[in-house]
Amino acid sequence: MAQLKVVLQFPPNLIEQPITYQLIKKHDLMVNILGARITPKEQGRLVVEISGKKKNLDAALRFLKEIGVGVEPLARDVTWHEDRCIECTACTSICPTGALSVSRPEMRVTFNHGKCIACELCVPVCPYKAMEIVSK
Amino acid sequence: MAKTIEEINEKIRRGKAVVFNAEEVIKVVKSKGLKKAATEVDVVTTGTFAPMCSSGAYFNVGHTNPRIKLGGGFVTLNGVPVYTGYAAVDILLGATAMQVEDPLNRIYPGKFLYGGAHVIEDLVSGRDVKLVARAYGTDCYPRKQLETWIRLEDMNEAVLLNLRNAYQNYNVGVNLSDHVIHTYMGVLQPRMRNATYCSAGQLSPLLNDPFYRTLGMGTRIFLGGGIGYVLGGGTQHNPSVPRTERGLPRMGAGTLSVRGELKQMNPRWLRGASMTGYGVSLAVGIGVPIPVLDEEIMHYTAVTDADIVAQVVDYSEAYPNCVPGSLGEVSYAELKSGSIKIQGKNVPTASLSSYARAREIADILKRWIVEGSFFLTQPVEPIPSVEAGLRCKALNERPVVNGPGPSR
């Protein structure tokens with residue numbers, strides 16, 4: 001059993017194709033969609049957790065590459081600018097995975113990269129622009 | 001035994017002053033008892049670091065050659081308009097002012113990326129800011145255009161002047177509607193999926209001196225990383241709200257107006273804040289030293305988060321339409337636990353005020369006092385307390401109709 005958390009970048013010509021369906025049906029993978037933003041004439045962006053047999057996973061990644069879907073690791077996408085963060089905790093109640101969290105009772109804010117699914121909910125919530133998502 | 005501010009200052013001078021921050025002092029009072037603690041402790045330092053919209057700064061930028069009269073003209077700093085209704089080269093910048101070309105909320109929710117507060121942050125960071133001016137020209141001030149880079153050190157005077165800071169307590173914001181709303185209490189999720197609050201609670205200046213016994217005009221404070229002074233009660237200072245048995249207001253009450261020289265401040269403690277869909281604000285760091293003059297003040301400074309309560313207010317309907325009342329009362333101990341119970345529902349909480357930074361401010365102020373570089377001042381005029389009977393009024397709108405003008 002292998003598991004992968006990745007950002008799939010869809011070029012405009014692939015937006016209308018049911019690629020997630022193929023990952024499930026053809027490659028026998030479990031696909032958990034963590035975030036999605038698909039705008040016509042722009043790149044679609046899907047944050048997914050894919051799991052299944054290692055062999056199937058590798059085949060799926062080859063398939064995605066062949067048809068032109070960009071596959072990027074999630075971690076590179078999100079930056080916590082610690083110098084800009086004032087540790088107010090505004091982001092922490094909105095973060096669905098606890099990647100942004102508070103230590104109590106000290107009330108210090110930390111960011112755990114591994115837990116982040118790049119859902120972007122924290123971005124508009126932070127008044128100090130401390131969370132940055134670099135879309136590639 | 002009662003102490004005086006002079007006695008405490010003498011101890012500071014001799015390096016003998018006993019100082020605790022408002023969090024540490026809780027344990028001190030608990031272990032020593034009120035009486036003993038009041039004789040031993042000299043100063044309790046408080047702190048708060050949060051967006052405070054009613055902030056701003058004024059500058060004297062120096063005269064040009066030939067001279068220009070900015071007064072009555074149009075002036076921007078990094079594209080943000082300033083108020084020019086003063087003499088030739090005095091200008092006033094408000095924290096919430098926006099760049100002329102900003103789309104504001106026309107593209108909702110607006111991002112409010114750069115405003116007056118960011119200009120203040122840039123100046124305090126030592127960065128160059130672009131000053132652009134248009135003036136009407138006079139015989140003694142003939143020049144009509146000006147475009148120049150300017151930085152803080154170039155200014156004659158640069159003064160932070162805040163009308164309302166350090167709110168004594170505040171609302172807890174929630175959203176009862178079925179859509180996301182963007183407020184000065186942050187982004188509020190529909191159907192009460194989150195709650196936000198904004199106070200340093202047990203570290204907050206005015207919650208440690210709930211009846212304003214020790215501060216007033218002339219009180220020296222930590223302001224924006226440097227030294228500042230209290231000018232008096234701030235705008236909307238409203239001491240007569242309902243209070244707990246301990247004398248703590250159950251909702252927003254007292255406020256402070258403060259000033260300080262920007263040139264000795266630090267951008268760590270003055271930060272531009274972009275509240276999505278709402279506007280720009282300035283996060284201001286303030287620390288007030290409370291002299292422990294007697295047992296009563298010692299008692300007040302031993303306040304804990306469990307003692308302080310705030311009202312939960314719906315920002316989708318009740319707040320915008322001034323509907324009085326509260327969805328419930330919660331303590332800061334509950335708020336800081338990460339979840340509160342409102343009408344049977346568990347709601348995750350988050351703060352807009354940084355408790356971690358508030359503690360840091362209280363510790364810096366404590367260090368200054370212990371090192372003997374910061375002395376306490378005797379206020380020259382108190383801040384109106386409960387007995388003054390002040391009430392913060394709403395605007396009484398009177399219809400304007402065509403006719404002979406306002407009645408006298």
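So, which residues does B:V43 touch, not counting residues up to four places away in sequence? Hold that thought for a minute while I set the scene.

What we have here is a predicted model, where local features need pLDDT of at least 70, side-chain atom pairs count only at pLDDT 80 or more, and totals for chains, interfaces and linings use all residues. As for labels, residues are numbered from 1 along each chain as its sequence is written, while chains are lettered from A and ligands numbered from 1 in the order in which they are written.

Okay, chain B overall. It has seven helices and 26 strands; those are DSSP runs, H or I with at least four residues for helices, E with at least two for strands, numbered from the N terminus. Its radius of gyration, taken over C-alpha atoms, is 23 Å, close to the 22 Å from the globule rule for 408 residues, so chain B is as compact as a globular protein of that length. That rule, by the way, is 2.2 Å times the number of residues to the power 0.38. The C-alpha box along the principal axes is roughly 70 × 60 × 45 Å.

Buried residues make up 50% of chain B. Buried here is 20 or more other C-beta atoms within 10 Å of a residue's own, exposed is 12 or fewer, partly exposed is in between, and the C-beta atoms are placed from the backbone.

Back to B:V43. Its partners are B:I8, B:A17, B:V19, B:P289, B:I290, B:P291, B:V292, B:I369 and B:L376, where a contact is two C-beta atoms, placed from the backbone, within 7 Å. B:V43 also shows up in the largest nonpolar core, which has 157 residues. A core like that is a set of buried Ala, Val, Leu, Ile, Met, Phe, Trp, Tyr and Cys joined through C-beta atoms within 7 Å. The members touching the most others are A:C91, B:V43, B:I120, B:V172 and B:L282. And α7(B) gives the most to this core, with seven residues.

Now, one of those partners, B:I8, sits in helix α1 of chain B, residues 5-13, where B:I8, B:N9 and B:I12 are buried. These three span an arc of only 100 degrees around the axis, going by the directions from the helix axis to the C-beta atoms, which puts them on the same side of α1(B). What do they pack against? That would be β2 (43-45), β21 (289-291) and α7 of chain B. The face turned away from the buried side carries the exposed B:E6 and B:R13. Just after the helix, B:G15 takes a positive phi of about 70 degrees.

Next, domains. An automatic or database assignment divides chain B into domain 1 (5-49 + 161-386) and domain 2 (56-158). Their C-alpha centres lie 31 Å apart, and 21 residues of domain 1 are in contact with 24 of domain 2. On the domain 1 side, β19(B) gives the most, with six residues.

Last stop, the contact between the chains: 25 residues from chain B, 19 from chain A. On the chain B side, β3 (48-51), β13 (186-188), β19 (270-275), β25 (345-351) and α7 (355-371) each give two or more residues. So β19 turns up in the domain contact and in the chain contact as well.

That's me done, happy to take questions.
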